[in-house]
Amino acid sequence: MTVASTARTAPACRLPAIALVGRPNVGKSTLFNRLIGQRKAIVHDLPGVTRDRNYGEAQWKGKRFRLIDTGGLVSDAGGKLEQTIQQQTRRAVEEADALLLMLDGKEGLNPNDREAADFLRRSGKPVFFAVNKIDSPRREDNLYEFYRLGESRLFAISAEHGLGVAELMEAVTASLPAAEESAAPDEAAEPVRIAVVGRPNVGKSTLINRLVGFERSVVDAAPGTTRDAIDSPFSLNGEPGVLVDTAGIRRKSRVSDRLEYFTIRRSLRSVDRGDLVIHVIDGPEGVTDQDAQILSYAHDRGKAILLAVNKWDRMEAQGADPEAYRRQVYERLPFLEFAPVVLIAAATGFGIRKMLATARAVLADYRRQVPTSVFNQALQSSVKAHAAPFSRGRPVKFYYGTQTGKAPPTFTLFVNAPGSVTEDYRRYLINQFRRALGFSLVPVRLILRARREASRGTGRTRPPSRGRSG
Ligand code: GDP
Ligand code: GDP
């Protein structure tokens, strides 16, 4: 297995990156959340609860950048956990274009702060010093002792209340290199987000550990103290990837984490955060109602889906027939006829390489854009081969269409009477496009829009209406 070693590769990305560095509890996650504008990292009052790097995208006055929230720089690394956190911070520093050292203005200067400052300066990258928790003018006095770090410009901020953040971000973003906009669509370089979901005990943690490698099992080392929404970077056969919410899956400290209800709720949340959903099915148990529930949620949201049948070692021992098994899966999940089924044994590594290759193929389809001319050829020949049923005695006419979205591939078609296109015909078109345009592994959406007929006879104009997507 080579997956573990490639997990060391940092997500390569054309967007410039800022790393938030500092001791645990100084307020890194608070600033991170403020900048990315959503509650992604959960803020706790316990020191050291951010254990892994957390990636987010943000912009400041139109300048886009990535933010890396680090686990915290603990310099008196006693335990293994501290060492790992340090290692992760090092890597974040390597990946970043600018470094933001956060200091705790409420607690005051800490002996470790100087060491951290020196460490960051040695990187040769621009370093910004933000003294956090300066919530009121009264607290501003706390700033002065930090000048002992030898920095002439300190930014007094309150991440919680947003004070001073504008000045800080102004300076930090000014130091960033421009995003390489010349290079074709950015998405290919953005880490692809993968959600590993499924019922309790199907082998999700085993799979995640295999994908990200042993080193990143930090979470298991300290049960009960981890946050929920923590993502793990990993390499998808060389392509930068992020497994979302891995901490939540690997934490097995609470009884509730073993319960069906909570696992499913968490799965649904992870589905929202992923582009590709790897849904793990327990091979011996087969597809259950709960599987169908999670999967239809993912399908409704237009996610790319890969069905991983785990514990295949046990099925093989029983002499199971892979093709018969696959058929059963599709019978149970007819709405997922496009989703590939891969057979794996997370515990032994069987099928993992193939699963990753399949995941890449699915994502390539998912993010592909087809030229309008090619799409219209497919549209015309599909309509010619099998015309839409008449609507109130009049033909349904498809004028033209174009791809208006990726992930999932979405096509907008201009039609004289969108409301008259039957579900069957919509499905027919989707299948045609899948086949003709090479979207065989992913969901395809159609949006039907009204376009007035060329003849003006009736004088009736219909406002463009939006059809349901399928
Ligand atoms: P991290 O470990 O560095 O990511 O720190 P967190 O963002 O989790 O914050 C640690 C604690 O500091 C939390 O209780 C936050 O509410 C608190 N905190 C963060 N920013 C501020 C601030 O600007 N002022 C005050 N008073 N508290 C803050
Ligand atoms: P999770 O609750 O979905 O995260 O499941 P775990 O990863 O904790 O695995 C649940 C149980 O299934 C554990 O006892 C694993 O050892 C076992 N398991 C996981 N993968 C495999 C596999 O490929 N083959 C077999 N036979 N057992 C597995």
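Alanine 320 touches Trp312 and Met315, once residues up to four places away in sequence are left out of the count. In this predicted model, alanine 320 has its place in the loop between helix H11, which spans 312-317, and helix H12, which spans 322-332. Because its relative accessibility is 25%, and partly exposed covers what lies between under 20% (buried) and over 50% (exposed), alanine 320 counts as partly exposed. Across the sequence, alanine 320 can also be set beside proline 284: the two are 36 residues apart in the chain, while their C-alpha atoms are 9.7 Å apart in space.

From this loop the reader can turn to ligand 2. There are 17 residues around ligand 2, and those that come nearest are Asn201, Lys204, Ser205, Thr206 and Asp313. Some of the polar atom pairs can be followed one by one, beginning with the backbone. A backbone N or O atom of valine 202 lies 3.2 Å from an oxygen atom of the ligand, and a polar backbone atom of lysine 204 is 2.8 Å from an oxygen atom of ligand 2. With serine 205 the atom concerned belongs to the side chain, where a polar atom lies 2.4 Å from an oxygen atom of ligand 2.

Lysine 204 leads on to another feature, since Lys204 is also among the residues that line the largest cavity. How many cavities of 30 Å³ or more are there? The count comes to 1 cavity, and the volume of the largest cavity is about 50 Å³. Besides Lys204, its lining is made up of Val196, Val197, Gly198, Ile249, Thr263, Arg266, Ser267 and Ser270. Strand S7, covering 192-198, and helix H9, covering 260-273, each supply at least two residues of this lining, and H9 gives the most, with 4 residues. Sorted by class, the lining of the largest cavity has 3 nonpolar, 4 polar and 2 charged residues.

A last stop lies further along the chain, at serine 420, which is found in the loop between strand S14 (410-415) and helix H15 (423-437). Which residues does serine 420 touch, not counting residues up to four places away in sequence? They are Ser391 and Val396. With serine 391 there is a polar contact as well, made from side chain to side chain at 2.7 Å.

Technical notes: Residues numbered from 1 in each chain as written. Chains lettered and ligands numbered in written order. Predicted model: local features only at pLDDT ≥ 70, side-chain atom pairs only at ≥ 80, totals over all residues. Heavy atoms only, no water. 1 Å grid on protein atoms, 1.4 Å probe; cavity = no way out; pocket = protein on both sides within 12 Å on 5 of 7 lines; lining within 4 Å. Points joined across faces, edges and corners; volume = space filled by probe spheres on them. Nonpolar A, V, L, I, M, F, W, Y, C, P; charged D, E, K, R; others polar. Buried < 20%, exposed > 50% of the residue type's maximum accessible area, 1.4 Å probe, protein only. Contact = heavy atoms within 4.5 Å. Near = heavy atom within 4 Å. Polar contact = N/O pair within 3.5 Å; in protein donor to acceptor, adjacent residues only side chain to side chain.
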